Amino acid sequence: MQEETSLILELDEVARSAEAELDSMGTLQELEDWRVHHLGRMGSVAHLMKRLATLPPQERRAAGQAANAAKKRLEDAFMQRKTLLASVALDATLAQERIDVTLEGHRPHIGYAHPTRMVLEEAEAIFQRMGFSVIEGPDVEWDSYNFQQLNIPPDHPARDMQDTFYLDQMPGMLLRTHTSPMQIRFMEQHRPPIRIIVPGRAHRRDDDATHSPIFWQIEGLAVDTTITFSDLKGVLARFADEILGCKVRFRPSYFPFTEPSAEFDFTCLTCNGRGNLAGQTCRICKGEGWLEISGAGMVHPQVLRNVGYDPDVYSGFAWGMGADRIALLKYGIGNIRFLWEDDLRLRRQLR
Amino acid sequence: MKVPLRWLYEYVDSTLPIEQLAERMTLSGTLVEGIERTGTDWDDIVTAEVVYLEPHPVEDHLQLATVNLGNREQMAVTSASNIVVGDRVPFIGIGGHLPDGRVVEAYGFLSDGMLLAEDELGLSEDHSGIYVLDPDTPAGRPLAEVLGDVVFDVDITPNRPDCLSIVGLAREVAAISGQHLCIPRVRLTESNPSVNELITVQINDPDLCPRYTLRAVTGITVGPSPAWLVRRLHAAGLRSVNNVVDISNYVMLEWGQPLHTFDLDKVSNRQIVVRRAQSGETLETLDGATHYLTPDMLLIADAERAIGLAGIMGAAHSEITPATSAVLIESANFVSSNIKRTARLAGLRTEASMRFEKGLPWYLPPLALDRAAGLIARICGGVIHRDSIDIATPAPPRRVIKLAEGEISRLLGIHLDQKQISANLQPSGFALTPEGATGSLWVSVPLWRDDIREPANLAGEVARMLGYDTIPTGFPSGAVAAAPPSLPQRWEKDIRHFLLASGLTDLMTYSLISASSLSTLFVREQLETRPDPAQLAMLVPNPEGVRKHGAQFDLLQLTNPLSSEQELLRPTLLPGLIKTLRANLQHTQEGLAFFELARCYYPRPDDLPYERLTLGITIAGLRDPRTWWNNPPENVDFYDLKGIVQELLDHCGVPGYRFEAAQHPALHPGRTAHVLTDEGQHLGYLGELHPTLASSLDLKGTHAYFLELDADLLQQLSTEVYQVQPVSRFPVIKRDIAVIVPKSVEVAAVETAIAAAGGYLLKEVRVFDVYAEEPVPTGYKSVACALTLQAADRTLSDFEADEIFKHISRQLLADVGGRVRDTSIHKN
């Protein structure tokens, strides 16, 4: 009995002091030394457990249980301490690995899309959703398609508005002044119903802050038995709403190839249609509050006759809008030249 | 056109506020582009009558004026000498604010204020004297009430020459505002003898002159115009010349009918002939220019010589001078196309020709003629001779258009009954008659509306009178499915997005270039002239493709370029790319990576040019910006550009393309390649800009790289459908091989030899080192490649790999004289 009690007490004492030591094991190495010293094969617990064999059998059981409990207790404490020290060590390593997250990142190389191209692609998508097919045509045209068949005879006053580039190559060869020649080309080849848009370059002998000798137009044409001016208004208003969400204005105008004709204006987004910003004349709309975006109208009966359509049966609407103008408005660009100069300092701002 | 509202209001009342009037005009088709106000800053200025003038008691050059302000008299000191007692003048009291913001200060104890000149009123730059008002101006009224005006700047569409006049615009305002139009009838007091006794007129070419009217006024005094006339012309944008000329301009602005006044005494033989010019005939016009005339030009001539280019400008010798006492007033109608052609040939564009060109109505000349005669008699004195000469072709009938029932609705998409249609047309001068029970209307068109010719025009009139905002917003009925974008359209969009993702910025450059921008590209030739077709063919990608499309290598020259900078349609994108690169190099070395996917143009005999979609790329400067992780930064090189092309061609699925060393006029002879298809078709070129060209373009020492591809061909070669190959589940064997070859051997030849010997088990050859220094013998280089071997159906044994490597060694020796220096095995 005394043997037994003494062993249990000794075990308890060893366990207690070992536990007490544990808290001062500051590193994983010290902890490992501690493990060998107490829990190793030659350790203090093993040393006591060897004495179990010397106990009488009836005492051995209780002492064995106590020994195992003490060993388990120390092992648990060891694991706990080890986990703690490992996490402390990891924290130290991670602290070492700290980087300055405010440093500039490695940016991948990114190309910048062209503002006019973005407008063209968006416009194409919008009109496609409204049932318009996208077609293209030549930049170099014949006088006949560009003027004659669009009801603009050689001495017509409308040619005042169209200062045209001609080519030496052949008489009557010119750079199209609008995308409207494709109205004729398409109607010559197709029968109604027609719904097309024609994005493309147009050219005029004009060069200033608001006119570029080359610019982008999006032509539109719808011909059917029931097409009305009201439908034209609807299509263009929906386009304006989708592309910029802005207010629109239709006002009477004149084009030889449409009747009635309209000018289609967008409110200026920069000044919200007020014409000025903080007392300064708005640099986008030049104080107008509106920006001319598109000429439009009902296809002139003479144009329909020119392609062999009966104007008493068919009617149509058409427009020719300036994609560059929309880009100016959409991105707050004050000078149309910017669209043709590709200055990276400006292009980088549009991502 | 500038429209002073005081003038307009003589013919129509409008109670609308100015802004509303402008908006109503704009929304009915008369675009008001600007509103200019005079007199808004005249709050402290009043009218005054000069009642006494005396020399200033102290200063010799000054006068002391006593003026009556209606209820009191004031004194003002002035240096001007143009005023006399009785004149009405603008006066401002001490402490008053001038339009320029200055405050009037006392000039000595005698002065209560000052009299003002035009510049001080802000009317013009003129400071030659005090501004003298009309003699009937009441004293003591705010000046703004008497002189203030609003001037509209309106843009008149070319179909409405009738609106290039105050009367025409008054008609528009009357129609849109519902106000009464009031044009007083001109009553003339005529005297003997008849004009027919003073002059004879003969029209030789009535085909060019449908109507010619003439009046004579004699005993006139040519001199300065009265203040109101000068002011009106000035407000309308015209300069005052003398009273006779001013009146003819005034009537032109008022009625839209140009007039010509000339000196009766200078008409030889008192005979006027309207005839075509003779070949070789010359004419000196009022502006001093001499014109060489051709027989398709119409002249107003006397018995001896021309006295005017019909409808455009008078001759210098018959113009009105201070000595003129007898004036002839011509008011005629000329054929618009002829005036237009003559004006263009003569290089003269006048207020008169501008109106005649647009076509003026037949009925108008006598109205303007009488108005002018009346004004001349009133203002210049003299008597109007009895009768007017009026030689005219028969009056054209008033046009009548049948408007079928429902036609307006069919075009506008808004239902209107006859009454509504009538309510929108009648105010503009249309007369409507219903055709029995058919529902149709007969619409009689006003004489001044030659532009209204068919029902669609009437729909336009109704629509603009209704206001476009009144027409409901509809949508085309009937579903029409948009055709899917074409294959080339989809391809182009895909390529554009691919290139953007590759780090290239999308460009849009002008398709017009200068000839010199092409000549510059021929570095070795030092081309002074335009490149010839053979030279041009060397410049463009895939010249054979151009020929295949029936096109040639001539330059497409503009007949009328704006400048030599933009005189040709480009056959290559290179000049635009270079220009963009140069401009950006002025401010950066970073991000210089651009592409343009756009058309180039090649002429075809008897046809429109071949417009070929072309891809151009340029890169230059730094590969990455100088940053904390990239210091010092590296420049891009040939292989950066080549990598982009390889990636692009792989993206397009072009099989078996290859690169071959080549020459290009603008590129470095040792750093240029052609891109070829497996069948040897030329896709394009790439290379480094020739250093000589780079320095002559002042690229600041930057190496720049360019590429052009025939995008039409690339699109045709592109595969749209990809099918994946299964991935082998058996392990790969990776081995490196280093081979010593003569320096002149291209790496592609080494790769080809390895690939040929490696057979189907060789999956990849990647060159990872090219080395030509010690210990590699002089004249040789070492090419090190990493090879990947793999079978689809089994694990390859080392023995098989060894066999393959033996093959490869033999092949290298045989094909390129290569000796394998080393092989090593990678485990993975």
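These are my notebook entries on the cavities, one pocket, a helix contact and several strand pairings of this predicted model.

**Entry: cavities**

I began with the enclosed spaces, and the count came to three cavities of 30 Å³ or more. For the largest cavity I noted a volume of about 250 Å³. I then looked up its lining, which takes in 24 residues, and wrote down those closest to the centre of the largest cavity, namely A:Ser253, B:Thr157, B:Asn159, B:Arg160 and B:Arg464. Two or more residues of this lining come from each of β6 (248-255) and β7 (258-267) of chain A and from α14 (455-466) of chain B. Of the elements, I marked α14(B) as the one with the largest share of the lining of the largest cavity, at four residues. Sorted by class, the lining of the largest cavity holds seven nonpolar, nine polar and eight charged residues.

I went on to the second largest cavity, where about 90 Å³ of space lies. It is lined by 13 residues, and the closest to its centre are B:Asp162, B:Ser165, B:Trp255, B:Tyr363 and B:Leu364. Helix α5 (residues 166-177) of chain B supplies three residues, the largest share of the lining of the second largest cavity. When I divided the lining of the second largest cavity by class, I had eight nonpolar, three polar and two charged residues.

**Entry: helices α8 and α11 of chain B**

B:Trp255 and B:Leu364, both on my list for the second largest cavity, led me to the two helices that carry them in chain B, α8 (residues 243-255) and α11 (residues 364-380), whose axes come within 9 Å and cross at roughly 145°. I recorded the crossing in which α8(B) passes α11(B) as right-handed. From α8(B) the contact is made by B:Asn243, B:Val244, B:Ile247, B:Tyr250, B:Val251, B:Glu254 and B:Trp255, and from α11(B) by B:Leu364, B:Leu367, B:Ala368, B:Arg371, B:Ala372, B:Leu375, B:Ile376, B:Ile379 and B:Cys380. By class, the contact of α8(B) with α11(B) is made up of 13 nonpolar residues, one polar and two charged.

**Entry: the second largest pocket**

Next I turned to an open space, the second largest pocket, which holds about 1300 Å³. Its lining has 30 residues, and I listed B:Tyr639, B:Lys642, B:Phe659, B:Ala748 and B:Glu751 as the closest to the centre of the second largest pocket. In chain B, at least two lining residues each come from α20 (638-652), β31 (658-661), β32 (667-676), α23 (747-758) and β36 (762-771). With five residues, α20(B) gives the most to the lining of the second largest pocket. The classes in this lining are 13 nonpolar, five polar and twelve charged residues.

**Entry: the sheet that includes β31 and β32**

Since two strands of the pocket lining, β31 and β32 of chain B, pair with each other, I looked up their pairing and found four bridges joining β31(B) to β32(B) in the antiparallel sense. Within this pair, B:Arg658 stands opposite B:Leu676 in β32(B). Both strands belong to an open sheet of seven strands in chain B, ordered β25-β29-β30-β34-β33-β32-β31, in which the pairing is mixed. The edge strands, each pairing on one side only, are β25 (505-506) and β31 of chain B. I also noted helix α19 (residues 574-585) of chain B, which lies across β29 (593-604), β30 (607-620), β33 (682-689) and β34 (704-710) of chain B and runs at about 150° to β34(B).

**Entry: other strand pairings in chain B**

I looked up an open sheet of three strands, with the order β26-β28-β27 and antiparallel pairing. Its edge strands are β26 (512-513) and β27 (556-557) of chain B. Two bridges pair β26(B) with β28 (residues 568-569) of chain B in the antiparallel sense, and B:Leu512 stands opposite B:Leu569 there.

Last, I followed strand β13 (residues 271-276) of chain B, which is joined by four bridges to β10 (residues 200-203) of chain B in a parallel run. B:Val201 stands opposite B:Ile272 in β13(B). Four bridges also join β13(B) to strand β16 (residues 298-301) of chain B, and here the run is antiparallel, with B:Val273 opposite B:Ala301 in β16(B).

Key
Residues are numbered from 1 along each chain as its sequence is written. Chains are lettered from A and ligands numbered from 1 in the order in which they are written. This is a predicted model: local features need pLDDT of at least 70, side-chain atom pairs count only at pLDDT 80 or more; totals for chains, interfaces and linings use all residues. Side-chain values use heavy atoms; hydrogens and water are left out. On a 1 Å grid over the protein atoms alone, a cavity is a set of points where a 1.4 Å probe fits but cannot get out, and a pocket is an open set with protein on both sides within 12 Å along at least five of seven lines; lining residues have an atom within 4 Å of a point. Grid points are joined across faces, edges and corners, and a volume is the space filled by probe spheres set on the points. Ala, Val, Leu, Ile, Met, Phe, Trp, Tyr, Cys and Pro count as nonpolar, Asp, Glu, Lys and Arg as charged, and the others, Gly among them, as polar. Axes are lines fitted to C-alpha atoms, for helices over the stretch in contact, and angles run from 0 to 180 degrees between N-to-C directions. A crossing is left-handed if the near helix is turned anticlockwise from the far one by less than a right angle, and right-handed if clockwise. Contact means heavy atoms within 4.5 Å. Two strands pair if DSSP finds at least two bridges between them.
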